[in-house]
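Please open the model in your viewer and keep the selection tool at hand. The tour below goes from one selection to the next and says what can be found at each stop.

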Amino acid sequence: MNKLITTAALFATAMGVAMTSQAAARDHISIVGSSTVYPFSTTVAERFGRSTNFKAPKVESTGTGGGFKLFCSGVGVQFPDMTNASRAIKDSELAMCAENNVKEVVEVLIGYDGIVIANAKTAPAFSVTRKDLFLALAKSVPNPKGGESLIPNPYKTWKDVNPALPANKIEVLGPPPTSGTRDAFLEMAMEGGCQAFTWVKALEKADKDKYKGICHDIREDGSYIEAGENDNLIVQKLNANPNALGIFGFSFLDQNSDKVKAALVDGKEPTFETIADVSYPISRPLYFYVKKAHVGVVPGIAEYLAEFTSEKAWGDDGYLTEKGMIPMSKDKRTKMAAAVKSLKAM
């Protein structure tokens, strides 16, 4: 028994040495993940590279889901140190991390963002409800003749969905399944819309799988067009087609306000104030996650965390606010900064 314990201890030590020597071969921080958090992360990375003796971190936009896959694949120089996310990590992703020996993960809430429904600046103003969005984009919808049955989505135009809307063909450019923006849109907009139907809402407790199938399955007949993780491409396509709508984060809208404008959702305009107080119905928290095992091994991680959680970065008047991120309250920022400094794992 003692021999087994000694062998295990030696193996663990060897793994630690290997990790240290491997990671030491990388002289910069590696960050992957959300396209929504990407501009904030790159802004901090650039400033960090200019103001310290550390190299600027390398930030890649892989989408939230893709980021978690890379992040949770293992410990060592070949794996990222951090991943950005436009939603909280799922239990299944934490389990994947644990299976690959990524056992101490630090969650950092950085602020808020809203998901906007936008069209070209030159197009007419648009106003929808979450129910309209669900009926326009769901693969199957409640039978308009009544009862508790579903039919394949028959709606071709927005006017078919709601007589108050224009007779434009339903064309919505949005993120792919790997995107945290897509996940958040499904949970907040599509679920919010399908809950307008009492019998569907009741399924949330009675049959969770069926409920999710109804609320989360997007139609595949061309009305919803996956535009990849590149929000710039969506903006280009909206300007080429004034009848189309696009789905992306508020921060991206803020940066492209000369080209696109937001639709009202449930009568609310996405603004700094309505997202901060969560009165805009499609508001969400933003995060990044840190591999604790890499801190102190890959140079600069602790210092990068200190920069990101400083008031000059994420404060009310910080440079990330100028980029379109909605800050947390001062009290939340103080508590989160303390948790990050102590590297408190989930």
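What follows is a walk through a predicted model, with a strand, a cavity, a pocket and a helix residue as its stops.

**First stop: strand β1.** Begin by selecting residues 30-33, which form strand β1, and look at its two faces in turn. Ser30 and Val32 lie on one side while Ile31 and Gly33 lie on the other, and these four residues are all buried, so that both faces of the strand are covered.

**Its partners.** Now add residues 58-59, strand β2, which pairs with β1 in the parallel sense over two bridges; within this pairing, Ile31 has Val59 as its bridge partner. Add residues 82-85 as well, since this is strand β3, which runs parallel to β1 and is joined to it by three bridges, with Val32 standing opposite Thr83. If you then select helix α2, residues 38-51, together with β1 and β2, you have a right-handed β-α-β unit on the screen.

**Second stop: the cavity.** How many cavities of 30 Å³ or more does a search of the whole structure find? The search finds one, and the largest cavity holds about 40 Å³ of space. Eleven residues line this cavity, and those closest to its centre are Ser35, Pro175, Ser179, Thr181 and Asp231, so select these five to find the place. Strand β10, residues 245-249, gives the largest share of the lining, with three residues. Sorted by class, the cavity lining consists of three nonpolar, six polar and two charged residues.

**Third stop: a pocket.** Next select Ser35, Tyr38, Pro39, Asn232 and Phe252, which lie nearest the centre of the second largest pocket, a space lined by 16 residues. The volume of this pocket is about 230 Å³. Helix α2, already selected for the β-α-β unit, returns here with the largest share of the pocket lining, four residues, and α2, α10 (231-240) and α11 (250-255) each supply at least two lining residues. By class, the lining of this pocket has three nonpolar, ten polar and three charged residues.

**Last stop: Arg333.** Finally, move to helix α16, residues 330-341, and pick out Arg333. Is this residue buried or exposed? Arg333 counts as buried because its relative accessible area is 2%, under the 20% limit for that class. Leaving aside residues up to four places away in sequence, Arg333 touches Glu311, Trp314, Gly315, Asp316, Pro327 and Met328, and selecting these six along with the arginine shows its surroundings.

Methods. Residues are numbered from 1 along each chain as its sequence is written. This is a predicted model: local features need pLDDT of at least 70, side-chain atom pairs count only at pLDDT 80 or more; totals for chains, interfaces and linings use all residues. Side-chain values use heavy atoms; hydrogens and water are left out. On a 1 Å grid over the protein atoms alone, a cavity is a set of points where a 1.4 Å probe fits but cannot get out, and a pocket is an open set with protein on both sides within 12 Å along at least five of seven lines; lining residues have an atom within 4 Å of a point. Grid points are joined across faces, edges and corners, and a volume is the space filled by probe spheres set on the points. Ala, Val, Leu, Ile, Met, Phe, Trp, Tyr, Cys and Pro count as nonpolar, Asp, Glu, Lys and Arg as charged, and the others, Gly among them, as polar. Buried means under 20% relative accessible area, exposed over 50%, partly exposed in between (1.4 Å probe, protein chains only). Two strands pair if DSSP finds at least two bridges between them. A crossover is right-handed if, with the strands pointing away from the viewer, the path from the first strand over the helix to the second runs clockwise. Contact means heavy atoms within 4.5 Å.
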